[in-house]
Amino acid sequence: MKRKMETSELIFKIVAYVFIIVFALMCVYPFIYALSCSFSSAANVQEGKVVLWPLAPHGLAYKYVLTDNRFWVSYANTLFMAAVGTIWCMIYTLMGAYALSKKRLLGRHGWNFFLVFTMWFSAGIVPQYLNYSTTGEILAKLGGGEYADMDQKWLIILAMGMNATNVILLRNSFEGVPAEIEEAARIDGATEMQILTKVYIPMSKATIATVALFFGISRWNGYFWAMRMMPNQKYSWPVQVYIRNFIDLYSGLVNAPDEYSIWGEGIQVERGFDTSVLGVLSVVYAMVICAVIPILCIYPFIQKYFAKGVNMGGVKE
Amino acid sequence: MSNLLKYDDFLDYDEATGTYSMPQEQRVRDEAERNRWKEIGLSVLRDWRLYLMLVPMVLVYVLWRYMPMTELLAAFKDPNSAAAVEDQTWVGLTNFVSLFFGKTAADFWGAFRNTFIIAFYGLLFGFPFPIILALFFNEIRSNVTRSIAQVCVYLPKFMSTVIITTLAIVLFRGSGMGVISKALVAMFGTDSAIGSAANSPYGMIFTERYFRGIYQITGIWEHGGYDSIVFFAAVIAVSPTSYEAAQIDGAGKMQQMRYVVIPSILSTVVIMLIMKVGTLLSVGYEKVYLMMNTYNEPAAQIVATLSNKWSTPEGSSGGGNQTLGIAAEMVNNLIGMILVIGANTVARKATDVSLY
């Protein structure tokens, strides 16, 4: 009896370890592959010879990316939009979630429904587009110019990135703060804003870190609306739009089979790169790596919080 | 008099006139109790700061989540008149009739079918995976090993759709040059369906036949690890004494799984399943948009991307127009909403747990 139990447990353990190790490697492999390809020579990348390690390594792809001004303009745009956008979203989400967590708030269920309804039903892409266009025109007018000439960064910062799930995560976390502490602060003469900043925020650090991470990441990663709202304002593009545009125009991965053999030689020759050494795909990989680095830098530090913060966040028992 | 004296401690005694009177505060409180609405009004006034804090969020949601819904009225108006939407004549359900049965019917139903198939496959393959992963994570006793593995499997969730689709496209790259296409060509030869798809100029993603499969694989790759967090929390909540009891009764590993672990995490599984069913029709359009070209469009076009296509000048050549696009996505989203509300009702009835 005992013997049989141990065998089944052992087999299960082995299967578990193998499964998890394989899946974990699969999750990391594409990034390692991209890194290796970004250092490899044109022919090796183009013919798919690179599997794990760089072949005939060189750093030209990074030289290309580092000297590509428009890439760094869009990089700076993304940094700006992610930083300001996250702060803006956090300000109204923190205040709103605090108000919603109060039982004495009049019409509390109504406000919650108001929020949750946006998770159930959205107007759709086209109505959203029309709405954003109007907003963009108003913002352009406020800035004293025409929509087409203006950079629409503020439209993206102000109007996008709201997320009802994040509000609910924060609200639930605030509801967990004991009422006595709030009472004590109130007796000491604290106003609502002071209670929020001095009591609630320090007591919900894990959830706040999680929510800020979610906002920041969705800002950093946003593609569709930036592409849709400013197709021609190239100097306002975030880096995701720039990368995808580069892929569409030069790489031949998605479109233009006739230009399959060109591999964007034009732009590289123009900038004095040897196309027999530097393939356009290596440039794409180098851009991907550059765009991923900020997330890789922040992620391990916040990773430990979000397992705690996310758990069943939206569920009301 | 003696009766009144009992209340001495909270009544005010005016020594000059020798009379008792209600204290001012008590009178205000009584008044408020008698008049509930007055109390509510007072509480709003007292808590005006609290309501002020709600204002920015409500404003943001009204302006950019609720205002777009007013644009839905265009679906009931005449798209052919050149006037602004407000001045167009009402045409009732005409747009919906032409959407369902007119020139664009084939496009719409094709997109609707694709939306449903992508969502259904996502449920079928994407849902069990994180549960299995969570059960396996529980087997890893070493905290360091498990943490490292978790850091790895959560990672893809935080990458942008552009990066994820780019990596998928290059790994399945055409002419058998991506790492995966190369392996598939080597395994199956170029004559097989898989091999020839891997050998096609753009690769497997841009073939009608394999788009859905790769969409699901990348979906699991992207979300599988992260989605296991919830299930893992449920699995580690199972008390060790339950395992011990089962072991003493002679239960093997599989029996422990079946009789101890699965029943304990069942409520979490049911909740998450219902939640997934609720979001069935909200397929991420960004990913589909980025993984689509003219070759795989018949299998990849979903209602949201079709609506987007119809709203652009170059996409409206096939008979679609912006109004029909609005109508199409409205139908899709209304069905989605009914699914969410239905799923939530079922959840409340079945498990006493509701999501919203």
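Here are four short exercises on this predicted model, each with a worked solution.

**Exercise 1.** Work out how many residues of chain B are in contact with chain A, and which helix of chain B gives the largest share.

*Solution.* Start with the counts: on the chain B side 79 residues take part, and they touch 84 residues of chain A. Next, look for the top contributor on the chain B side. That's helix α4 (residues 48-70) of chain B, with 13 residues. Finally, sort the chain B side by class: you get 53 nonpolar, 16 polar and ten charged residues.

**Exercise 2.** Explain why helix α17 of chain B is largely enclosed by the rest of the structure.

*Solution.* First, recall the cut-off: a residue is buried if 20 or more other C-beta atoms lie within 10 Å of its own. Now go along α17(B), residues 303-311. The buried ones include Val303(B), Leu306(B) and Trp310(B), and also Asn308(B) and Lys309(B). Nine of the nine residues turn out to be buried, so the helix is largely enclosed by the rest of the structure.

**Exercise 3.** Find the domains of chain B and say how far apart their centres are.

*Solution.* Begin with the bounds: domain 1 covers 1-42 and domain 2 covers 96-351. Then take the centres over C-alpha atoms; those of the two chain B domains are 66 Å apart.

**Exercise 4.** Describe chain A by its helices and strands, its burial and its contacts.

*Solution.* Count elements first: chain A has 15 helices and zero strands. Then check burial: of its 317 residues, 43% are buried. Last, take the chain A contacts with a separation of 6 or more; 68% of them join residues 24 or more positions apart.

Notes. Residues are numbered from 1 along each chain as its sequence is written. Chains are lettered from A and ligands numbered from 1 in the order in which they are written. This is a predicted model: local features need pLDDT of at least 70, side-chain atom pairs count only at pLDDT 80 or more; totals for chains, interfaces and linings use all residues. Two residues are in contact if their C-beta atoms, placed from the backbone, lie within 7 Å. Helices (H or I, at least four residues) and strands (E, at least two) are DSSP runs, numbered from the N terminus. Ala, Val, Leu, Ile, Met, Phe, Trp, Tyr, Cys and Pro count as nonpolar, Asp, Glu, Lys and Arg as charged, and the others, Gly among them, as polar. A residue is buried if 20 or more other C-beta atoms lie within 10 Å of its own, exposed if 12 or fewer, and partly exposed in between; C-beta atoms are placed from the backbone. Domain bounds come from an automatic or database domain assignment.
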